[in-house]
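Subject: A structure for you to explore

Hi there,

Here is the structure I promised to pass on to you. Have a look at it first, and then read my notes below.

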Amino acid sequence: MMSMAKPKVVVLGSSFAGLTTARFIRKHAGDKVDLVVVDRNPYLTFVPNIQMEVLAGHDPLETMLLDTPAIHAKDGNTFLNAEVVALDPDTRRVQIVPSDRPGSAPESLSYDYLVIALGNRLAYDQIAGFGEHGDTVSSGFYGNKLRRRLAAYRGGPIVIGSARFHQGLQDKPDWLPVGLAACEGPPLELGLAMAHWLSTHHLGDAHKITLFTPAEMIAEDAGEAIVTPFHEMASQKGFGYLNNTQDVRRLHADGIEFESRASL
Ligand SMILES: Cc1cc2nc3c(=O)[nH]c(=O)nc-3n(C[C@H](O)[C@H](O)[C@H](O)COP(=O)(O)OP(=O)(O)OC[C@H]3O[C@@H](n4cnc5c(N)ncnc54)[C@H](O)[C@@H]3O)c2cc1C
């Protein structure tokens with residue numbers, strides 16, 4: 001007797017979006033589907049907490065990685081640690097290459113339903129001088145780089161903010177605003193936490209820190225009702241503030257230059 005094949009769902013990406021989606025699909029579809037999840041990394045990096053771990057002196061690669069293959073195994077999903085290299089919607093196939101050893105051979109994966117949750121692309125490689133002079137808390141590598149820099153910090157001004165957010169504009173409806181910055185919660189959180197870190201390490205306080213934004217108002221998507229009291233509190237604490245920077249042009253040993261021609 002022939003058994004009916006189950007629909008095959010392939011989820012590309014196993015971070016916040018992919019893992020959550022896979023878990024909900026399994027919860028609602030039960031064992032009626034075959035579920036395959038593909039991610040180049042056999043773990044999820046809990047990005048939002050990297051900055052707190054770094055300021056606490058912890059290695060985020062030790063504390064912020066979640067064992068996603070174990071979760072997929074528990075849910076009855078097949079997890080493939082592979083790079084997604086191509087997608088053909090006409091034949092419903094995804095091309096993948098195993099990601100744990102260089103030189104692995106490409107394979108083709110078929111699907112009935114596809115979820116794409118591959119995240120976005122960072123663009124630090126677009127900022128001149130970033131590799132040598134820049135810091136960020138958006139990955140384990142960079143978090144540890146900042147941790148080492150803080151361990152060697154003895155004073156000097158600190159500048160925290162966002163470069164211009166470059167988003168796709170093709171087919172964008174007019175009602176959808178263009179955000180000059182991506183979510184500016186992280187730079188604000190980092191600014192406040194850094195001021196606390198400076199004072200607990202007897203190295204200064206918020207007066208050492210300038211917050212900047214490419215937009216008219218930092219965290220403008222939060223709205224004036226939230227941002228105005230934040231500004232009052234931040235200026236009372238002594239934070240410097242620079243808006244309308246437009247974009248980051250260049251980082252160098254002594255500071256930062258903006259597209260607006262301002263510099264810090
Ligand atoms: C400092 C900081 C603080 C933040 N704080 C918050 C917060 O407080 N709250 C909040 O909601 N959000 C916060 N965010 C944003 C949040 O981290 C992102 O929105 C979230 O990570 C997006 O999840 P995602 O699954 O869409 O993409 P990602 O987390 O980017 O995951 C994409 C996944 O796809 C995989 N992948 C990508 N390309 C390929 C490929 N070609 N082949 C195989 N695998 C691939 C990656 O390995 C990764 O696992 C913060 C971000 C930063 C940087």
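**A nonpolar patch on the surface**

Let's start on the outside: Phe-16, Phe-46 and Val-47 together make a nonpolar surface patch of about 230 Å². One of these residues, Phe-46, sits in the loop that runs between β3 (44-45) and α2 (50-55). Its relative accessible area is 37%, so Phe-46 counts as partly exposed. Please keep in mind while you look around that this is a predicted model.

Pro-48 belongs to the loop between β3 and α2 as well. With a relative accessibility of 45%, Pro-48 is also partly exposed. Try finding Leu-192 from there: Pro-48 and Leu-192 are 144 residues apart in sequence, and their C-alpha atoms are 15 Å apart in space.

**The whole chain**

Now zoom out. The protein chain is built with eight helices and 13 strands. Its C-alpha trace spans about 75 × 45 × 35 Å along the principal axes. Of the 264 residues in the chain, 34% are buried. The chain exposes about 15800 Å² of surface, and 55% of that comes from carbon and sulfur atoms.

How do distant parts of the sequence come together? If you take the contacts between residues at least 6 apart in sequence, 62% of them join residues at least 24 apart.

You may also be curious about charge. There are 24 positive and 31 negative charges in the protein chain, and the mean positions of the two groups are 4 Å apart.

**Salt bridges**

How many salt bridges does the structure hold? There are six, and I picked out three for you to find.

- Arg-23 and Asp-75 meet through their side chains, with a distance of 2.8 Å from N to O. Arg-23 lies in helix α1 and Asp-75 in helix α4 (residues 68-75), so this pair ties together parts that are 52 residues apart in sequence. Are the two partners buried or exposed? Arg-23 is partly exposed, at 35% relative accessibility, whereas Asp-75 is buried, at 16%.
- Asp-125 and Arg-121 form a salt bridge with an N to O distance of 2.7 Å. Asp-125 is exposed, with a relative accessible area of 53%, and Arg-121 is exposed too, at 59%.
- Glu-257 pairs with Arg-250, and their closest N and O atoms are 2.9 Å apart. Glu-257 is partly exposed at 23% relative accessible area, and Arg-250 is partly exposed at 36%.

**A buried serine and an exposed lysine**

Next, look for Ser-162, in the loop between β9 (158-161) and α7 (185-200). Why does Ser-162 count as buried? Its relative accessible area is 12%, and buried means under 20%. Which residues does Ser-162 touch, leaving aside those up to four places away in sequence? They are Ala-181, Glu-184, Pro-187, Phe-212, Pro-214 and Val-248. It is a nice spot to practise displaying neighbours on your screen.

For contrast, go to Lys-27, which is placed in helix α1 (residues 16-29). Lys-27 has a relative accessibility of 63%, so it counts as exposed. You can also try a longer ruler here: Lys-27 and Ala-163 are 136 residues apart along the chain, and 39 Å separates their C-alpha atoms.

**Two residues with positive phi**

Finally, here are two backbone angles to check. His-202 is not a glycine, yet its phi is positive, near 55 degrees. You will find His-202 in the loop between α7 and β10 (209-212). His-202 is exposed, with a relative accessible area of 73%.

The other is Arg-261, a residue that is not a glycine and has a positive phi of about 85 degrees. Arg-261 is placed in the segment after β13 (255-258). At a relative accessible area of 66%, Arg-261 is exposed.

Have fun exploring, and write back with any questions!

Best wishes

Definitions and conventions. Residues numbered from 1 in each chain as written. Predicted model: local features only at pLDDT ≥ 70, side-chain atom pairs only at ≥ 80, totals over all residues. Heavy atoms only, no water. Helix = DSSP H or I, 4+ residues; strand = E, 2+ residues; numbered from the N terminus. Buried < 20%, exposed > 50% of the residue type's maximum accessible area, 1.4 Å probe, protein only. Contact = heavy atoms within 4.5 Å. Areas by Shrake-Rupley, 256 points an atom, 1.4 Å probe, with all protein chains shown as cover. Lys, Arg positive; Asp, Glu negative; His and termini not counted. Charge placed at Lys NZ, Arg CZ, Asp CG, Glu CD. Patch = residues over 30% accessible without salt bridge, like charges linked within 9 Å, V, L, I, M, F, W, Y side chains within 5 Å. Salt bridge = Lys/Arg side-chain N within 4 Å of Asp/Glu carboxyl O.
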